[in-house]
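Here are a few exercises to work through with the model open in your viewer. Try each task first, then follow the solution step by step.

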Number of protein chains: 2
Amino acid sequence: MKCGVDLETREVEELYINIDPIQAGGRLTADAMKAIIAYGDGYSVCDNCRKPFRLDYIKTPPVDVFHRDLAAFVHMDIARVVAGARRGFQAVTGTYVQKGDPVLLSALSHYTEFLAIESQGGIPLEIPKNKDNLITEDAAADKIESVLRKYGRAPPLLFIDHFDYQYGNEHQVKQVIQVAHQYDIPVLYNGAYTVGILPVDGKDLRADFVVGSGHKSMAAPAPSGVLATTQERAKEVFRTTRARGDVTERTFGVKEVEMMGCTLMGVTLIGMMASFPHVKERVLHWEQELNNARRVVDALLAIEGTRIVSEYPRRHTLTRVDTTGSFDRVAQKHKKRGFFYSSALREHGIAGLIPGATKVWKYNTYGLTRAQTEYLAHTFVDIARDNGLLVNGEW
Amino acid sequence: MKCGVDLETREVEELYINIDPIQAGGRLTADAMKAIIAYGDGYSVCDNCRKPFRLDYIKTPPVDVFHRDLAAFVHMDIARVVAGARRGFQAVTGTYVQKGDPVLLSALSHYTEFLAIESQGGIPLEIPKNKDNLITEDAAADKIESVLRKYGRAPPLLFIDHFDYQYGNEHQVKQVIQVAHQYDIPVLYNGAYTVGILPVDGKDLRADFVVGSGHKSMAAPAPSGVLATTQERAKEVFRTTRARGDVTERTFGVKEVEMMGCTLMGVTLIGMMASFPHVKERVLHWEQELNNARRVVDALLAIEGTRIVSEYPRRHTLTRVDTTGSFDRVAQKHKKRGFFYSSALREHGIAGLIPGATKVWKYNTYGLTRAQTEYLAHTFVDIARDNGLLVNGEW
């Protein structure tokens with residue numbers, strides 16, 4: 001079925017259970033689907049943009065209220081919508097990082113944090129992970145000390161991912177922030193895998209910046225996201241323009257430099273807004289999501305030769321698994337080689353695995369119903385059995 | 001009608017003829033409407049993202065082909081999609097502008113160009129407009145010379161808007177580029193009001209960068225846009241990351257620093273793609289659009305006391321008009337004051353004028369049918385007559 005000239009309709013969410021590691025939290029809610037149809041056109045939220053002409057002042061639709069609600073949702077003072085978490089990172093590095101500055105992130109940081117630092121000429125330096133693939137406060141303290149020795153000054157910024165994208169492991173965010181603050185280093189909390197799927201309390205964590213991703217975890221269209229901060233830091237990161245036309249003497253009012261004025265003027269913002277009541281509700285059911293995730297992990301662990309590479313028991317629905325000793329052994333002899341596995345999953349109605357992957361791979365069960373969870377767990381086991389792998393326990 | 005909790009459905013395009021100056025070129029095509037429904041979810045275009053994991057390499061949907069087509073469409077070598085024209089500006093200033101650098105733009109430049117320069121610590125300097133509100137090659141040459149005298153060096157970049165946002169006037173783009181090149185200054189052609197609504201030939205203009213806006217002029221959802229450049233400049237503005245994890249020794253392959261990796265991963269990109277065949281077609285009918293625009297201008301000029309502030313005859317569908325001597329005179333005595341005018345337009349089914357505006361205002365007839373154009377022209381005249389203003393000619 002076409003949805004445009006030479007454009008096939010996307011049906012993966014309609015036809016399959018999708019366990020793609022990055023897509024799970026960004027599936028639209030039914031309300032968001034309706035809203036994007038109504039607000040599809042370019043500058044659709046700007047019908048009633050009035051003085052001082054800035055996105056977060058718009059009252060109809062209630063963009064202004066949404067901005068305040070968004071700040072409250074992550075328990076910070078002030079929030080702005082941004083074109084993806086990465087643009088939130090960039091706004092913060094644009095404010096604090098000068099050329100040659102050492103900036104801390106972690107051995108499990110997302111590449112967009114590196115790029116945000118690199119774009120300012122900063123030097124990204126990693127806090128090492130420990131043998132369990134966790135970022136600890138001790139490692140953060142050691143790294144800060146080593147930076148002080150080498151650069152003679154503290155880093156102007158530290159990034160910490162609450163859950164990383166590689167393992168979905170939970171890191172010592174609160175403690176790392178505490179350590180950083182002892183050196184007066186502001187901290188950016190990367191909530192790309194938390195904001196919108198589990199409760200986040202920026203004040204409790206004492207984060208200086210909370211960044212979330214709309215398309216990754218807030219059931220919103222791409223690119224969208226949130227950058228929230230404290231009153232104090234807002235003056236810096238959301239500073240308004242001081243530019244002035246040397247000929248015309250024009251000035252540009254309340255436009256914020258790092259936001260480049262307005263950010264999301266249509267469908268992306270309305271999608272975030274329409275999903276928001278549901279997102280606020282769904283974060284309260286994180287425990288149920290974890291139960292689902294653990295059920296699937298149990299199934300995988302029952303397949304002899306399979307290892308969960310992420311921390312265990314799981315604290316997130318994104319999980320990294322090593323099937324070198326199970327499904328990859330099958331692949332060695334299978335006529336479809338590595339493709340047997342993704343293709344068997346497809347035949348069972350499961351999508352989201354990279355075709356050919358049989359060694360180390362990731363999946364995400366976020367948002368599946370209990371019934372879908374059971375089906376997924378049993379599908380892994382069934383494919384294992386069908387291919388002669390030993391399954392332990394009552395499966 | 002609601003399209004979400006506390007969210008009213010937007011119906012302005014269904015119920016009215018919308019002459020909002022910035023919304024006209026960003027109305028979705030029917031194909032884009034269908035495509036955004038199919039691709040509403042967060043990372044919807046990433047189902048088949050494979051090595052080397054970058055947006056413009058995705059084959060299904062044909063994002064790769066679209067990128068090449070987009071470059072060809074503006075007759076440049078290489079194109080990337082960006083989250084609005086402003087993010088295209090920022091990528092270019094991020095590449096070429098250092099702190100303290102003088103950067104040229106014009107007395108009619110959009111504020112986002114100022115912000116893009118300010119975000120890099122550059123100094124925006126305006127090429128003056130002449131008495132007809134046009135930017136000429138002579139003014140550009142004079143300004144460059146004055147920068148050379150004051151700063152001892154040429155600006156690293158010059159912005160020129162083909163048509164400006166204030167008057168919709170056409171400026172001497174080709175000639176200004178030629179002058180800039182005599183000083184080896186690269187030029188960014190701002191096509192926010194051209195790319196997607198009239199033919200743009202970057203090679204013929206000898207532009208170094210062509211920037212367009214998806215939500216302003218390419219019938220696409222916000223935020224979206226295009227940054228296109230030459231082979232030579234692409235190496236600079238689309239340079240790939242050199243970041244390397246000091247602990248993990250990770251590198252990040254083909255990710256482009258100024259793009260922050262990928263830019264539009266879902267509905268915004270698919271909207272651009274679905275509209276693109278229609279956009280390619282519609283730029284060929286620019287003359288008809290101008291005829292429509294001129295018809296409306298004729299009607300306004302027939303109303304005694306009304307002035308067209310934009311250049312005349314019109315070369316663009318965006319027009320600035322001064323009705324201080326006509327509708328504003330009515331407003332002085334009307335019980336609704338200035339609101340009589342926007343409210344009369346609304347009653348006649350016309351939307352897009354800022355409520356209360358009766359002195360100097362802008363409108364855009366882009367995309368109206370001939371019948372809608374006639375209706376709009378006659379509505380202006382009718383409202384004038386209804387309020388006792390003199391109308392000249394055969395209206």
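**Exercise 1: a sheet in chain B**

S9(B) and strand S10 (residues 318–322) of chain B pair in the antiparallel sense over 2 bridges. Keep in mind throughout that this is a predicted model.

Task: find which residue in S10(B) stands opposite Arg307(B), and work out which strands stand at the edges of the sheet.

Solution.
- Step 1. Start from the residue in the task: Arg307(B) has Asp322(B) of S10(B) opposite.
- Step 2. Extend the pair to the whole sheet, which is open, has 3 strands in the order S9-S10-S12 (chain B), and is paired antiparallel.
- Step 3. Read off the ends: strand S9 (307–308) and strand S12 (360–364) of chain B each have a single partner strand, so each has one side without a neighbour in the sheet.

**Exercise 2: a sheet in chain A**

Task: give the strand order of the open sheet of 3 strands in chain A, and name the bridge partner of Ile308(A) in S10(A).

Solution.
- Step 1. The order in chain A is S9-S10-S12, with antiparallel pairing.
- Step 2. The edge positions belong to strand S9 (307–308) and strand S12 (360–364) of chain A; each has a single partner strand, so one side of each lacks a neighbour in the sheet.
- Step 3. Look at how S9(A) is held: it runs antiparallel to strand S10 (residues 318–322) of chain A, and 2 bridges join them.
- Step 4. Within S10(A), Val321(A) is the bridge partner of Ile308(A).

**Exercise 3: two helix pairs in chain A**

A reminder before you start: a packed pair of helices is described by the angle between the axes and the distance between them.

Task: describe how H3(A) packs with H11(A), then how H4(A) packs with H5(A).

Solution.
- Step 1. Helix H3 (residues 63–73) and helix H11 (residues 267–282) of chain A have axes 11 Å apart, at an angle of about 45°.
- Step 2. The angle falls outside the parallel, antiparallel and perpendicular ranges, and therefore H3(A) and H11(A) are oblique to each other.
- Step 3. H3(A) and H11(A) cross in a left-handed way.
- Step 4. On the H3(A) side, the residues are Val63(A), Phe66(A), Asp69(A) and Phe73(A); they meet Leu269(A), Met273(A), Phe276(A) and Lys280(A) of H11(A). Sorted by class, this contact has 6 nonpolar, no polar and 2 charged residues.
- Step 5. Now the other pair: helix H4 (residues 85–96) and helix H5 (residues 111–118) of chain A cross at roughly 30°, and their axes come within 9 Å. The crossing of H4(A) and H5(A) is right-handed.
- Step 6. From H4(A), Ala85(A), Arg86(A), Phe89(A), Gln90(A) and Thr93(A) meet Thr112(A), Glu113(A), Ala116(A) and Ile117(A) from H5(A). The classes here are 4 nonpolar, 3 polar and 2 charged.

**Exercise 4: the two chains together**

Task: describe the contact between chain B and chain A, and find the rotation that superposes one chain on the other.

Solution.
- Step 1. Each chain gives 76 residues to the contact.
- Step 2. On the side of chain B that touches chain A, H2(B) supplies the largest share, 8 residues.
- Step 3. By class, that side of chain B has 40 nonpolar, 19 polar and 17 charged residues.
- Step 4. Chain B superposes on chain A by a rotation of 180° with 0.0 Å of shift along the axis, at an RMSD of 0.0 Å. This is the relation of a two-fold axis.
- Step 5. Both copies use the same surface, and 100% of the contact residues of chain B recur in chain A.

Technical notes:
Residues are numbered from 1 along each chain as its sequence is written. Chains are lettered from A and ligands numbered from 1 in the order in which they are written. This is a predicted model: local features need pLDDT of at least 70, side-chain atom pairs count only at pLDDT 80 or more; totals for chains, interfaces and linings use all residues. Axes are lines fitted to C-alpha atoms, for helices over the stretch in contact, and angles run from 0 to 180 degrees between N-to-C directions. Helices (H or I, at least four residues) and strands (E, at least two) are DSSP runs, numbered from the N terminus. Angles under 35 degrees count as roughly parallel, over 145 as roughly antiparallel, 65 to 115 as roughly perpendicular and the rest as oblique. A crossing is left-handed if the near helix is turned anticlockwise from the far one by less than a right angle, and right-handed if clockwise. Two residues are in contact if their C-beta atoms, placed from the backbone, lie within 7 Å. Ala, Val, Leu, Ile, Met, Phe, Trp, Tyr, Cys and Pro count as nonpolar, Asp, Glu, Lys and Arg as charged, and the others, Gly among them, as polar. Copies are superposed by least squares on the C-alpha atoms of residues with pLDDT of at least 70 in both. Two strands pair if DSSP finds at least two bridges between them.
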